[in-house]
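Please open the structure in a viewer and keep the sequence panel visible beside it. The tour below proceeds by selections, each followed by a description of what is found there.

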Amino acid sequence: MLKTLDKNSSTNEILHALNDDGGVIVANQVSDVVVDQVSKELRPHFVEHGTKHQDDFNGYMTLRIYAVPGVSRASLDLIAHQRCLEVADGILNPHCDNFQLGSTTAIEIHPGESDQELHRDDAIYPIRIPDVEFQVSAMWALDDFTEENGATRVVPGSHDLRSIDGVSADDITQAAMPKGSVLFYMGSTIHGGGANRSTLPRSGVISTYSLGWLRQEDNQYLSIPRDVADSFPEHVRRLMGYQTHCQSLGTYPGDPDGLWSK
Ligand SMILES: O=C(O)CCC(=O)C(=O)O
Ligand SMILES: [Fe+2]
C-alpha cells in the first residue's frame, strides 16, 4: 500500500512518505474545475494525435500526447503546481542547483488495454549514483483512478533498486485515487500503467522533474513552440530549462544581461 495524504498535509509529510515508500498519493490536491479545464483542452489533441505513439510499451489501446503545456495552458496548473515544485525541490535540490522539467505526457488508457510493462522512468539514464535520485514524477488523475480502470501500478519500496524480474503480483499496489489527486513516485520506483477492465477511459498527466545537470527527457525547446514558451510566466520558463545550471551548463551568447543565469 502507498500512503494517501490529503491536500492539507505538509510537503514534509509527503516527502517523508515518498522517501520511505518510493511513492505517495495526495488526494484531491486540485479541484474538478482545474482538471476539467485540462481535460477539455486535451480532448481534441487526444482525438487527433493520440494514437501516434502507440507501441508495445505505450500500448495499443492507449492515447498519448507529449509536450503537454504546448497544447494545454491549463496543464501548467498541474505541471507547475506549487506542490510539485516543493516535492521536486525536496528530492532533487540536494543534488543540483535547480531541478528542471523532464517530460510531460497525457495518457488516456482505454477499455481493453492490458497492463503496461513494469519499468523505472529513470532507466533513460545509463548510470546510478548511490543515494541520488535523478528524477521524480507526478501523475495527476484527470478521472477517478480505480483498480478496474487502470490506476497506475506501483511497487512500494522498489526505489531500493531491486530487480524488476524478481517482482511478483503480491508486491504491486495500485494508485487508486479520486480525480484531482496526484501520485508522486521516484524515478527509481518500479511502476506501470494498469489494465483497463472498465467501460470508460482513464486519463492522467505525468510530469517528470530531473536534476538540473541532466539532459531533459523531452526537448522542451523544440517541442513547445517559442512563442508559446515566451507567453509562460518566468518561473515556468525556468522550469522548462530556459536558464543555466550553476551559470555554466546551458549558457548561450544571446543572454547578455544574464537574465537566465540568475
Ligand atoms: O499510465 C500510467 O499509469 C503510467 C504510465 C507510465 O508509467 C509511463 O508511460 O512511463
Ligand atoms: Fe513510467
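A residue is called buried when its relative accessible area is under 20%, exposed when that value is over 50%, and partly exposed in between. The model shown is a predicted one.

**First stop: the cysteines**

Select cysteine 96. At 10% relative accessibility, cysteine 96 lies under the 20% limit and therefore counts as buried. Now add cysteine 246 to the selection. With a relative accessibility of 45%, cysteine 246 is classed as partly exposed.

How many disulfides does the structure hold? The number is zero. Cysteine 96 takes part in no disulfide, and the nearest cysteine sulfur, which belongs to cysteine 246, is 8.5 Å away. A disulfide is a covalent bond that joins the sulfur atoms of two cysteines. A distance of 8.5 Å between the sulfur of cysteine 246 and that of cysteine 96 is too far for such a bond, because the cut-off for a disulfide is a sulfur pair within 2.5 Å.

**Second stop: the iron ion**

Select ligand 2, the iron ion, and display the side chains around it. Which residues coordinate the iron ion? The donors are His119 through NE2, Asp121 through OD and His191 through NE2, at 2.1 to 2.2 Å. Along the chain, these donors follow the spacing H-x1-D-x69-H. Distant parts of the chain are thereby linked: histidine 119 is in the loop between S4 and strand S5 (135-141), while histidine 191 is in strand S9 (residues 191-192), 72 residues apart. Both histidine 119 and histidine 191 are buried.

**Third stop: ligand 1**

Select ligand 1 next, together with the residues around it. There are 13 such residues, and those that come nearest are Arg64, His119, Thr152, His191 and Arg202. By class, this shell comprises five nonpolar, five polar and three charged residues.

Three side chains may be examined in turn. In arginine 64, a side-chain N or O atom is 2.7 Å from an oxygen atom of ligand 1. Glutamine 116 places a polar side-chain atom 3.2 Å from an oxygen atom of ligand 1. For aspartate 121, a polar side-chain atom is found 3.3 Å from an oxygen atom of ligand 1; Asp121 is also one of the donors of the iron ion.

On its own, ligand 1 has 300 Å² of accessible area, and the protein covers 94% of it. Strand S4 (100-109) and strand S10 (202-210) are the elements that give two or more residues to the shell around ligand 1.

**Fourth stop: strand S4**

Remain with strand S4 and select serine 103, which is found in this strand. Is serine 103 buried or exposed? Its relative accessible area is 5%, so serine 103 is buried. The side chain of serine 103 makes a polar contact of 3.3 Å with the side chain of glutamate 217.

Move on to threonine 104, also located in strand S4. Threonine 104 has a relative accessibility of 0% and counts as buried. A polar atom of the threonine 104 side chain lies 3.0 Å from the backbone nitrogen of valine 68.

**Fifth stop: two residues with positive phi**

Select asparagine 28, in the loop between strand S2 (23-27) and helix H2 (32-49). Asparagine 28 is not a glycine, yet its phi is positive, at about 50°. At 39% relative accessibility, asparagine 28 is partly exposed.

Then select leucine 161, in the loop between strand S6 (153-154) and strand S7 (173-174). The phi of leucine 161 is near 70°, again a positive value in a residue other than glycine. Leucine 161 has a relative accessibility of 43% and is therefore partly exposed.

**Last stop: two long separations in sequence**

Aspartate 165 also has its place in the loop between S6 and S7. With a relative accessible area of 75%, aspartate 165 is exposed. Draw a distance from its C-alpha atom to that of glutamate 41: the two residues are 124 apart along the chain, and the separation is 39 Å.

Finally, select alanine 229 in helix H6 (residues 226-230). Alanine 229 counts as buried, at 0% relative accessibility. Its C-alpha atom is separated by 16 Å from that of leucine 78, although their positions lie 151 residues apart along the chain.

Note on methods. Residues are numbered from 1 along each chain as its sequence is written. Chains are lettered from A and ligands numbered from 1 in the order in which they are written. This is a predicted model: local features need pLDDT of at least 70, side-chain atom pairs count only at pLDDT 80 or more; totals for chains, interfaces and linings use all residues. Side-chain values use heavy atoms; hydrogens and water are left out. A residue is near a molecule or strand if one of its heavy atoms lies within 4 Å of it. A polar contact is a pair of N or O atoms within 3.5 Å; within protein, one must be able to donate a hydrogen and the other to accept it, and residues adjacent in sequence count only if both atoms are side-chain atoms. Accessible areas come from the Shrake-Rupley method with a 1.4 Å probe; for residues, only the protein chains shown count as cover. Helices (H or I, at least four residues) and strands (E, at least two) are DSSP runs, numbered from the N terminus. Ala, Val, Leu, Ile, Met, Phe, Trp, Tyr, Cys and Pro count as nonpolar, Asp, Glu, Lys and Arg as charged, and the others, Gly among them, as polar. Donors are N, O and S atoms within 2.8 Å of the metal (3.2 Å for Na, K and Ca); water is not among the atoms, so sites may look incomplete. Buried means under 20% relative accessible area, exposed over 50%, partly exposed in between (1.4 Å probe, protein chains only).
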